[in-house]
Amino acid sequence: MADKKAQLIIEGAAPIDLPVYSGTMGPDVVDVRALGSSGYFTFDPGFMATSSCESKITYIDGDKGILLHRGYPIEQLAEKSDFLETCYLLLKGELPDAEQKSKFVETVQKHTMVHEQLKNFLNGFRRDAHPMAVMCGIVGALSAFYHDSLDINDAKHREVSAIRLIAKMPTIAAMVYKYSKGEPVIYPRNDLSYSENFLHMMFNTPCEEKKISPVLARAMDRIFVLHADHEQNASTSTVRLAGSSGANPFACIAAGIAALWGPAHGGANEAVLRMLDEIGDVSNIEKFIAKAKDKDDPFKLMGFGHRVYKNFDPRAKVMKQTCDEVLGELGINDPQLELAMKLEEIARNDPYFVERNLYPNVDFYSGIILKAIGIPTEMFTVIFAAGRTPGWIAHWNEMISGPYKIGRPRQLYTGYPQRDYPSK
Ligand code: SDX
């Protein structure tokens with residue numbers, strides 16, 4: 001039921017009444033679906049002011065720097081929750097009680113292995129292939145193993161697909177890393193926590209199984225929590241659009257991985273470290289700030305700016321705190337952290353960045369922690385994909401479990417009018 005009404009007045013046409021809806025929080029929305037039958041389309045390249053769906057999963061207030069998952073602030077989840085509990089929250093809408101949590105953890109553990117034949121797909125790639133290219137291929141191939149046993153209209157099938165994807169992403173990510181190093185795949189262990197297990201599969205070998213540092217496991221889990229979901233970002237919107245055609249969830253997540261890869265999105269965490277390498281020293285910061293401000297230079301300050309946040313990205317604040325904790329506990333004095341902090345300080349005092357409300361985003365400090373954990377730069381976006389999997393699959397499930405239509409935007413056509421093929 002519409003809360004309010006809007007009226008669109010177009011010269012020479014009758015006014016068009018449009019319903020206006022209010023959500024629990026955030027801006028009201030104008031329902032423009034009736035415009036199509038009135039002979040008009042809206043025009044919003046890049047979806048600067050477009051709500052693609054109704055959702056109960058995540059709320060962002062970009063002006064206040066607020067991020068809530070099912071109502072819980074990200075700062076509290078990062079401090080008090082853990083990744084699998086956050087996965088449960090995103091999927092089911094409530095925090096689990098002790099029994100529900102233990103059952104969920106046990107169920108995920110039982111799905112961490114992948115089909116043995118999946119390893120064959122690795123051999124089709126060069127060892128130096130970018131890990132995100134391999135992830136797109138392997139997760140897309142995962143859909144081949146389940147496509148015929150999956151009815152997306154069956155809630156139980158959707159639930160087991162969600163569990164399989166959350167459980168298998170770290171296994172696949174570690175397989176991709178091991179393949180790039182020419183080391184044998186390390187199988188998951190059910191006696192380890194989710195993040196311990198991931199680090200075990202990444203860094204142990206058949207010759208030596210070291211105990212995983214609790215400091216690194218906690219930092220890894222915190223990073224997964226901070227990446228778990230973020231409303232209708234580009235990759236989540238890709239997952240929803242792919243899902244709207246009825247594609248199986250594994251194929252939809254593969255589409256999300258492809259969208260995440262770009263440096264404007266999840267690929268930024270890798271680009272930040274490469275940028276810091278290129279800057280090299282505090283004395284070069286001004287030169288790169290000038291490049292970032294130069295409209296004729298494609299260089300952007302990676303890890304800075306956000307479509308929604310016009311204040312601090314709350315995840316960046318937690319990420320910076322985690323940086324300090326992890327490097328302090330490990331006794332690491334990383335010059336790149338000093339460089340990043342100086343870069344932030346200079347940028348945040350420059351009118352160009354202040355006037356455009358450009359702040360550090362989730363990707364600005366994450367790479368410093370990932371490097372301290374031992375993750376190579378080219379694997380950073382793979383970590384982002386593993387962390388974002390619960391968000392992607394929660395949005396897919398939210399859409400498929402209710403009424404939905406195939407996503408099919410229109411356009412403003414400015415090409416040739418109809419013309420005849422020239423007679424020979
Ligand atoms: C993620 O959507 C999400 O929620 C994404 C994400 C998630 O969790 O899913 O939060 C994860 O993708 C974070 C963003 C990671 N990307 C980067 O760090 C790459 C660098 N940032 C930019 O490319 C940019 O800020 C975007 C892509 C993030 C946002 O782009 P917008 O919203 O389209 O903004 P814009 O490009 O129109 O910028 C507005 C102005 C422009 O200048 P003017 O034309 O007004 O003069 O700000 C400038 C831009 O040139 N600008 C920058 C800048 N970011 C914006 N200038 C220099 N360096 C930058 N980083």
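This tour goes through three helix packings and then the aromatic rings of a predicted model.

**Stop 1: helix 5 and helix 6**

Select residues 131–146 for helix 5 and residues 155–181 for helix 6. Their axes come within 10 Å and cross at roughly 135°. Angles from 65 to 115 degrees would count as roughly perpendicular and those over 145 as roughly antiparallel, so this pair is oblique. The crossing of helix 5 past helix 6 is right-handed.

Now show the side chains at the contact. Helix 5 brings Pro131, Val134, Met135, Ile138, Val139, Leu142 and Tyr146. Helix 6 answers with Arg164, Leu165, Lys168, Met169, Ile172, Ala173 and Val176. Colour by class: twelve are nonpolar, two are charged and none is polar.

**Stop 2: helix 11 and helix 14**

Move on to residues 268–279, helix 11, and residues 335–347, helix 14. The axes lie 10 Å apart, at an angle of about 90°. These two helices are therefore roughly perpendicular.

On helix 11, pick Leu273, Met275, Leu276, Asp277 and Ile279. On helix 14, pick Gln336, Leu339, Ala340 and Leu343. This contact divides into seven nonpolar residues, one polar and one charged.

**Stop 3: helix 14 and helix 16**

Keep helix 14 on screen and add helix 16, residues 363–373. How do the two axes run? They come within 10 Å and cross at roughly 175°. That angle is over 145 degrees, so the helices are roughly antiparallel.

The helix 14 side of the contact is Gln336, Leu337, Ala340, Met341, Leu343 and Glu344. Facing them from helix 16 are Phe364, Tyr365, Ile368 and Lys371. By class there are seven nonpolar residues, one polar and two charged.

Gln336, Ala340 and Leu343 deserve a label. They appear in the contact with helix 11 and again in the contact with helix 16.

**Stop 4: the aromatic cluster**

Stay with Phe364 and Tyr365 of helix 16. Add Phe304, Tyr352 and Phe353, and you have a cluster linked by ring pairs. Over the model, the count of aromatic pairs is 14.

**Stop 5: charges over rings**

Which charged end sits over the ring of Tyr365? Select Lys320: its charged end is 5.9 Å from the ring centre. Tyr365 thus offers two things to view: ring pairing in the cluster and a lysine over its ring.

Finish at Tyr359. Arg348 lies over its face, 3.6 Å from the ring centre.

Notes:
Residues numbered from 1 in each chain as written. Predicted model: local features only at pLDDT ≥ 70, side-chain atom pairs only at ≥ 80, totals over all residues. Heavy atoms only, no water. Phe/Tyr/Trp six-rings, centres within 6.5 Å; stacked < 30°, edge-to-face > 60°. Lys NZ or Arg CZ within 6 Å of the ring centre and 35° of its normal. Axes fitted to C-alpha atoms, helices over the stretch in contact; angles between N-to-C directions. Helix = DSSP H or I, 4+ residues; strand = E, 2+ residues; numbered from the N terminus. Parallel < 35°, antiparallel > 145°, perpendicular 65-115°, else oblique. Left-handed = near helix turned anticlockwise from the far one by under 90°. Contact = heavy atoms within 4.5 Å. Nonpolar A, V, L, I, M, F, W, Y, C, P; charged D, E, K, R; others polar.
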